[in-house]
Amino acid sequence: MSKVKIGLVQTTCTANKQENLDKAIAKVREAAAKGAQIVCLQELFTSLYFCDVEDYDNFLLAETIPGPSTDALSAVAAELNVVIIASLFEKRAQGLYHNTTAILDADGTYLGKYRKMHIPDDPAYYEKFYFTPGDLGYKVFKTKFATIGVLICWDQWYPEASRITALMGAEILFYPTAIGWATSQDEATNTEQYNAWQTIQRSHAVANGVHVVSVNRVGEEQNGAMQFWGGSFVANPFGSIVYQASHTEEEVVVQEIDTALSDRYRTHWPFLRDRRIDSYQPITKRYIDEQG
């Protein structure tokens, strides 16, 4: 079965963790009622985006995976016969935390987790304070409806991550995300930043011949200093946008895609065939200081 209905859930969040989880579950139900088979929630959807500050109290937001949120979502996945992609703040052990996405199959089975590999540290995005870099490597998950790859937010900027995940057999790449604009910025800067963000992910679709699904949060946070820009989208294997969400509104959208398109695009534009894998060893260096 190559045709799959993908649900994108783009929402605002509050400071109340249970309220956010309940809202996410309601939105999953809404997506399922629209026919969704795989539903992707945005990055760290059970809380406000807390990495704008370095505050030890925020570690209290973390939980084990599997744990309370995955238990609740597993029950919903089984009830609705949908796959759920759930981005959560993982407490692995005392003093050891990750930015992690759990995958729940359509029968409620916990298929495993992906831990965010690339961790940013920028103004209003102080993630290195909270998250240990992922140590599980890149992952694919064989769900009831498709074999999917999951990467997280800052991973979006790295073609190596998407390439490896696609080479592992991912038919669709999902990116739960939390990214926004400083409300003090001018419109031209906002537009340029969003276009760069979308363009790099569309490039991953083209280079790998797979659909890319990116799901971002929306709404003002950080006492009005940050506007999360929404703009969740689906790109086909040639990078064309088949759906793009609003920059300001909550949305629950279901978009049907056909994973069989990958074969057509990959045979007509055979980037994978022509890869020179014998020449890529230098990519493992931080920087190539000496030229031979």
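What follows is a working chat about a predicted model of one chain.

Reader: To start with the basics, what does the secondary structure of the chain come to?
Author: In this predicted model, the secondary structure of the chain comes to five helices and 17 strands.

Reader: And how compact is the chain for its length?
Author: The radius of gyration is 18 Å, close to the 19 Å that the globule rule gives for 292 residues, so the chain is as compact as a globular protein of that length. Along its principal axes, the C-alpha trace spans about 50 × 45 × 40 Å.

Reader: How many of the contacts link residues 24 or more positions apart?
Author: Counting contacts with a separation of 6 or more, 70% are between residues that lie 24 or more positions apart in the chain.

Reader: Let's go inside. What percentage of the residues is buried, and how many residues has the largest nonpolar core?
Author: Buried residues make up 51% of the 292 residues, and the largest nonpolar core has 55 residues, with I6, I38, F89, I148 and F174 having the most contacts inside it. Strand β10, which covers residues 172–177, gives the most to this core, with four residues.

Reader: Is there a second core, or what else is there to say about F89?
Author: A second, separate core of 22 residues includes V28, L73, V76 and A86. As for F89, leaving out residues up to four places away in sequence, its contacts include L44, F50, F59, L61, Y97, Y130 and F131, and also N58, E63 and H98.

Reader: Switching to A36, where does it sit, and is it buried or exposed?
Author: A36 lies in the loop between α1 (17–33) and β2 (38–41); its relative accessible area is 5%, and because buried means under 20%, A36 counts as buried.

Reader: Which residues does A36 touch?
Author: Not counting residues up to four places away in sequence, A36 touches K5, G7, A31, V82 and V254. The C-alpha atoms of A36 and V76, 40 residues apart along the chain, are separated by 13 Å.

Reader: Now E160: which helix is it in, and what is its relative accessibility?
Author: E160 is in helix α3, residues 159–167, and at 36% relative accessibility it counts as partly exposed, because that value falls between the 20% and 50% cut-offs. Its C-alpha atom is separated by 13 Å from that of I277, 117 residues apart along the chain.

Reader: Last, the surface and the charges: what area is exposed, and how far apart are the mean charge positions?
Author: The chain exposes about 13100 Å², of which carbon and sulfur atoms supply 52%. There are 26 positive and 36 negative charges, and their mean positions are 8 Å apart.

Notes:
Residues are numbered from 1 along each chain as its sequence is written. This is a predicted model: local features need pLDDT of at least 70, side-chain atom pairs count only at pLDDT 80 or more; totals for chains, interfaces and linings use all residues. Side-chain values use heavy atoms; hydrogens and water are left out. Helices (H or I, at least four residues) and strands (E, at least two) are DSSP runs, numbered from the N terminus. The radius of gyration is taken over C-alpha atoms; the globule rule is 2.2 Å times the number of residues to the power 0.38. Buried means under 20% relative accessible area, exposed over 50%, partly exposed in between (1.4 Å probe, protein chains only). Contact means heavy atoms within 4.5 Å. Accessible areas come from the Shrake-Rupley method with a 1.4 Å probe; for residues, only the protein chains shown count as cover. Lys and Arg count as positive and Asp and Glu as negative; His and the chain ends are not counted. The place of a charge is taken as NZ of Lys, CZ of Arg, CG of Asp or CD of Glu. A nonpolar core is a set of buried Ala, Val, Leu, Ile, Met, Phe, Trp, Tyr and Cys residues joined through side-chain atoms within 4.5 Å.
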